[in-house]
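This briefing covers backbone geometry and nonpolar packing. The structure comes first, and the notes follow by topic.

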Amino acid sequence: MSSRVGIVIVSHSPDVARGTAEMVRQMVGEEVPLAHCGGNPDGGLGTSVEKILAAIDEAWSEAGVAILVDLGGAETNSEMAIEMQPPERQGRVVICNAPIVEGAVMAATESWGGATLAQVCGAAEELSAA
Amino acid sequence: MSEALITVLMVHEVGLHARPSVKLTKLAKGFSSQIEMAVAAEGPWIDAKSIVKVMATKAPKDTVLHFRARGDDAQAAVQALADLVASDFEEAKRDAARG
């Protein structure tokens, strides 16, 4: 049973995405649904809607999914992936406006504690305000 | 409903950095009581269940941490948090093993 909010990490670099996910796993644990993706389909720097869709599926939780992104394209492609979600998932997949690495750790910590999607994103976004 | 207060010296070499902050917050979240933390007796008091606020204290080694809790499991909560800090966040052994 996992009603914890899922975390998706979307970076232009596969290495950054993998490394960020590794930090979340080591610091917060295995209990939070987590997926990451990075790089374009050719293996270069970039992001792809297909990979983001797959990552959302992998981290999917009834409690919703919070996406952490790095630069512009990661955000627009994530927005596209969100729009392509089926109706029953609408409103339950959101992008957190937070730094990708720190935000992912904060969001996962909140998720681990059983917070709602809004609380998970709120904690990550609190970073920017602090 | 009860209240509890405890203070503990933090001996962790690096202070309240990322990993200890996550551990502390996760432990705090396991209790139903309202739990606050401060790096000085006079405050300011912050929510010990907020990872962002705990990490933002940037408390260095040798800081005396203050915990206070209000709720049904207040005493158990502050004791568990103090034990975690006193145990060096259960990291000392592993760090030593790493050399």
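Pro44(B) sits in the loop of chain B that runs between β2 (34-38) and β3 (46-47); helices (H or I, at least four residues) and strands (E, at least two) are DSSP runs, numbered from the N terminus. This is a predicted model, in which local features need pLDDT of at least 70 and side-chain atom pairs count only at pLDDT 80 or more, while totals for chains, interfaces and linings use all residues. Residues are numbered from 1 along each chain as its sequence is written, and chains are lettered from A and ligands numbered from 1 in the order in which they are written.

**Backbone geometry, chain B**

- The Gly43(B) to Pro44(B) peptide bond is cis, its omega being near 5°.
- Asp88(B), in the loop between α3 (74-86) and α4 (92-98) of chain B, is not a glycine, yet has a positive phi of about 65°.
- Phe89(B), found in the loop between α3 and α4 of chain B, is likewise not a glycine and has a positive phi of about 60°.

**Burial in the α3-α4 loop**

- Phe89(B) has 23 other C-beta atoms within 10 Å and is therefore buried (20 or more such atoms, placed from the backbone; exposed means 12 or fewer, partly exposed in between).
- Asp88(B) has 16 within 10 Å, so this residue is partly exposed.

**Nonpolar core**

- The largest nonpolar core (buried Ala, Val, Leu, Ile, Met, Phe, Trp, Tyr and Cys residues joined through C-beta atoms within 7 Å) has 63 residues; among those touching the most other members are Ile7(A), Val8(A) and Leu68(A).
- Helix α4 (residues 100-112) of chain A gives the most to this core, with 7 residues.
- Leaving out residues up to four places away in sequence, Val8(A) touches Ala35(A), Ala55(A), Ile56(A), Ala59(A), Val65(A) and Ile67(A), contact being C-beta atoms, placed from the backbone, within 7 Å.

Definitions and conventions: Contact = placed C-beta atoms within 7 Å.
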